[in-house]
Amino acid sequence: MKTVTGMLSYGRDTIRYEVRFLSSRRTLAIEVHPDSRVLVRAPAGCPEPLIAERVQRRAAWISRQLAEFERYRPRTPTRQYINGESHLYLGKQYRLKLLPNNTPGVKLARGQLLVGVAGEPEPQRVKAMLHHWYLDRARAVFGEVLDGSLRHFKDAPAPRLIVRTMHSRWGSLSRAGSMTLNVNLVRAPRPCIEYVVTHELCHIKHRDHDARFFKLLGQVMPDWEQRKQRLERALL
């Protein structure tokens, strides 16, 4: 498979893109990915000047997509893991309360996030315990949301759910059918989680963020824009 790279200017921005020439393609497609990659899939033998012209014509759309994904990136402030620090879970704030020389464990109680630690509550130990707690809660909550959201995609196979830390997006859907969700998403309100899961499920039918994709998203979740804005306001 032949690949080349290109670059264009749009306003003050410089947009870099990769072109992949595929013998199986008959038309040219431009994709903007959440990690800010711009990928052009072109038929083998397609003239590079023609590709550059097509990309230039779509520069405004590409720029909008890149800006949208930049807004969508999760932003997590530096945590100190000390008493009184605020932590989010399902959109609600909980004050961290460390219980030294206690039975190890994490639980929610009366607006507090209680962390029992055997010995002194060193920040790194508290951080590790909270991370495992968030992972466990995320797997449970995301699984429930996925099961509920699949009712709107009756012909779609249930994707394999993977939960992990992601640095540049909230979720993704692989061509192999795995849905990966950012563990930090469990800090957001449940309607926001439903939006991200539904967004990724729409990619089962439409891989690109094109008109067909957004039409399907609007049909399945008419208020998706409001949910997305709420997620952006709750970014960590």
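**A walk through the predicted chain, starting from K107**

K107 is found in strand β7, which covers residues 105-109, where strands (E, at least two residues) and helices (H or I, at least four residues) are DSSP runs numbered from the N terminus. The model is a predicted one, in which local features need pLDDT of at least 70 and side-chain atom pairs count only at pLDDT 80 or more, while totals for chains, interfaces and linings use all residues. Residues are numbered from 1 along each chain as its sequence is written, and side-chain values use heavy atoms, with hydrogens and water left out.

Is K107 buried or exposed? K107 counts as exposed because its relative accessibility is 52%, the scale being buried under 20% relative accessible area, exposed over 50% and partly exposed in between, with a 1.4 Å probe and protein chains only. Once its neighbours within four places in sequence are left aside, K107 is in contact with Q112, L113 and L114, contact meaning heavy atoms within 4.5 Å. K107 and W133 are separated by 26 residues in sequence, and their C-alpha atoms lie 8.5 Å apart in space.

The strand that holds K107 belongs to an open sheet of 4 strands with mixed pairing, in the order β5-β6-β8-β7; two strands pair if DSSP finds at least two bridges between them. Its edge strands are β5 (86-89) and β7, each of which pairs on one side only. From one strand to the next the twist averages 35 degrees, with axes taken as lines fitted to C-alpha atoms, for helices over the stretch in contact, and angles running from 0 to 180 degrees between N-to-C directions. Within this sheet, β6 (residues 92-100) and β8 (residues 112-117) run parallel and are joined by 6 bridges, and L96 stands opposite L113 in β8. L113 is also one of the residues in contact with K107. Helix α3, made of residues 123-149, lies across β5, β6, β7 and β8 and runs at about 125 degrees to β8.

A second sheet can be followed in the same way. This open sheet has 4 strands in the order β1-β2-β4-β3, again with mixed pairing. Here the edge strands are β1 (2-10) and β3 (29-32), each pairing on one side only, and neighbouring strands are turned against each other by 25 degrees on average, direction ignored.

Strands of a sheet pair through backbone hydrogen bonds, either parallel or antiparallel. β1 and β2 pair in the antiparallel sense over 9 bridges, and they form a hairpin with 2 residues between them, in whose turn G11 has a positive phi of about 60 degrees. β2 (residues 13-22) pairs with β4 (residues 38-43) in the parallel sense over 5 bridges. R20 in β2 links the two descriptions, since T3 stands opposite R20 and R20 in turn stands opposite R41 in β4.

Taken as a whole, the chain has 6 helices and 11 strands, and its C-alpha trace spans about 70 × 40 × 30 Å along its principal axes. Buried residues make up 47% of the 236 residues. Among contacts between residues at least 6 apart in sequence, 45% join residues at least 24 apart. The chain exposes about 13,100 Å², of which carbon and sulfur atoms supply 48%, with accessible areas coming from the Shrake-Rupley method with a 1.4 Å probe and, for residues, only the protein chains shown counting as cover.
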